[in-house]
Amino acid sequence: MSGTDAVMRRVFAVREREAMDAATEAALAGLAARVRELTEAVVHTAVDPAEAAAVAAEVAALAARLNAARRAEPPIARIGGNGLVRQLANPVSGALNPVAPPVEIEFTPDGGVRTAFTLNGVYEGPPSFVHGGVSAMVLDQLLGAAAAANGTPGMTATLELRYRRPTPWGVPLTATAKVSRAEGRKTWADAVIAGPDGRTTVEATAMFIMPVGAHGDGGSSGDVADGDAPRG
Ligand SMILES: CCCCCCCC(=O)SCCNC(=O)CCNC(=O)[C@H](O)C(C)(C)COP(=O)(O)OP(=O)(O)OC[C@H]1O[C@@H](n2cnc3c(N)ncnc32)[C@H](O)[C@@H]1OP(=O)(O)O
């Protein structure tokens, strides 16, 4: 099996997953929000070792309660009846994933995408600033959403970053992305993150490739990259 075949098998497997109902989705989004608060509390806590150990035991008990009924794979929701899915636990934008900030992506009238978000100390790299890999993750998602918004989704083939100045955490950030060119199975897009003063901190360019067999077959392309497309 070629590498692409293996990718496509996993992509198509998404279609077999049971979609989550809205009530469960809302409840788990609430749970993820509380766990995000917990994660931040863990990073910043100054409690003594005995208290940290006591809390650890309580958290272990909570994890056991959740694992009492466990899905084999992360949850999805269907978008309409055409095979498109939303990946509810996407690590950048998934409301059900406590690891996700989450970054909420919206369409812009110029055909691109945009997000306004704040990263907390959980995402610190150099003291006071966001980890460069976290910025890359946010930009990869945003660029992928731009490709999807353009109607030419794909898998990230290349991602080039230029870190112009440090990105601070704890302050409002904005990021935008837009497709510059699409040719055959390839789509190129550009993106920036800007600080509260509007100055660019990171620039990125990416190229996406639609895997062979993933396009024009009745919705499977959505499973590749529309999976967490912005809702706008
Ligand atoms: C809304 C949703 C947002 C989602 C955002 C998140 C997106 C992601 O993070 S995706 C995960 C990260 N990316 C991956 O895992 C991709 C892994 N790679 C792959 O699956 C495959 O290599 C894939 C699909 C990119 C290309 O495979 P395949 O279709 O077989 O490519 P192939 O037929 O060999 O090549 C097609 C063309 O692309 C070029 N090409 C292929 N790979 C690359 C690459 N990495 N860099 C540059 N060019 C490439 C080839 O040279 C060829 O060019 P040409 O047509 O001019 O000869």
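Strands are taken here as DSSP runs of at least two residues in state E, numbered from the N terminus, and in this predicted model Thr201 has its place in strand β8. Thr201 counts as buried because 20 C-beta neighbours lie inside 10 Å, and 20 or more is the cut-off for that class. Leaving aside its neighbours within four places in sequence, Thr201 is in contact with Arg164, Arg165, Pro166 and Thr167, and also with Ile193, Ala194 and Gly195. One of these contacts, Pro166, is 35 residues away from Thr201 in sequence, yet the two C-alpha atoms are 6.0 Å apart in space.

Strand β8 belongs to an open sheet of six strands, whose order is β3-β4-β6-β7-β8-β5 and whose pairing is antiparallel. The edges of this sheet are held by β3 (106–107) and β5 (155–163); each has a single partner strand, so that one side of each is left without a neighbour in the sheet. At the β3 edge, two bridges join β3 to β4 (residues 113–117), and the two strands run antiparallel. The bridge partner of Glu106 in β4 is Arg114, while that of Phe107 is Val113. These two strands form a hairpin with five residues between them, and in its turn Gly111 has a positive phi of about 90 degrees.

Further into the strand order, β4 and β6 pair in the antiparallel sense over five bridges. Val113, which is the bridge partner of Phe107, has Ala177 as its own bridge partner in β6, and Phe117 stands opposite Leu173 in β6. The pairing of β6 with β7 is likewise antiparallel and extends over nine bridges, with Ala182 standing opposite Thr187 in β7. The hairpin of β6 and β7 has two residues between the strands, and Gly184 in this hairpin takes a positive phi near 60 degrees.

Helix α4 (residues 132–149) packs on the sheet, where it touches β3, β4, β5, β6 (173–183), β7 (186–194) and β8 (200–209), and its direction makes about 50 degrees with that of β6. The helix has 18 residues and reaches 25 Å from its first C-alpha to its last, which is close to the 26 Å expected at 1.5 Å a residue. Its buried residues include Ser135, Val138, Leu139, Gln141, Leu142 and Leu143, together with Gly144 and the run of alanines from Ala145 to Ala149. Just after α4, Gly151 takes a positive phi of about 85 degrees.

The UniProt record, an unreviewed entry, carries the annotation "domain: Thioesterase" over residues 129–185. In the model, this span is 32% helix and 35% strand, and its end C-alpha atoms lie 36 Å apart.

In soluble globular proteins, nonpolar side chains tend to be buried together. The largest nonpolar core in the model has 28 residues, of which Leu139, Leu142, Leu143, Ala146 and Ala177 touch the most other members. At least two residues of this core are supplied by each of α4, β6, β7 and β8, and the largest share, nine residues, comes from α4. Apart from this core lies another, of six residues, among them Met20, Ile76, Val85 and Ala89. The surroundings of Leu142 illustrate how the helix meets the sheet: leaving aside its neighbours within four places in sequence, Leu142 is in contact with Ile105, Val113, Thr115, Ala175, Ala177 and Ala191.

Two other helices provide a contrast in burial. Helix α3 (residues 49–67) has 19 residues and reaches 27 Å from its first C-alpha to its last, close to the 27 Å expected at 1.5 Å a residue. This helix is hardly covered, the count of buried residues among its 19 residues being zero. Helix α2 (residues 22–44) contains His44, which is exposed because 10 other C-beta atoms lie within 10 Å, whereas the cut-off for exposure is 12 or fewer. His44 is separated from Leu139 by 95 residues in sequence and by 26 Å in space, C-alpha to C-alpha, and Leu139 is one of the residues that touch the most other members of the largest core.

How values were computed. Residues are numbered from 1 along each chain as its sequence is written. This is a predicted model: local features need pLDDT of at least 70, side-chain atom pairs count only at pLDDT 80 or more; totals for chains, interfaces and linings use all residues. Two strands pair if DSSP finds at least two bridges between them. Helices (H or I, at least four residues) and strands (E, at least two) are DSSP runs, numbered from the N terminus. Two residues are in contact if their C-beta atoms, placed from the backbone, lie within 7 Å. Axes are lines fitted to C-alpha atoms, for helices over the stretch in contact, and angles run from 0 to 180 degrees between N-to-C directions. The expected span of a helix is 1.5 Å times one less than its number of residues. UniProt positions are given in the numbering used here, feature names are shortened, and annotations may be inferred rather than shown by experiment. A nonpolar core is a set of buried Ala, Val, Leu, Ile, Met, Phe, Trp, Tyr and Cys residues joined through C-beta atoms within 7 Å.
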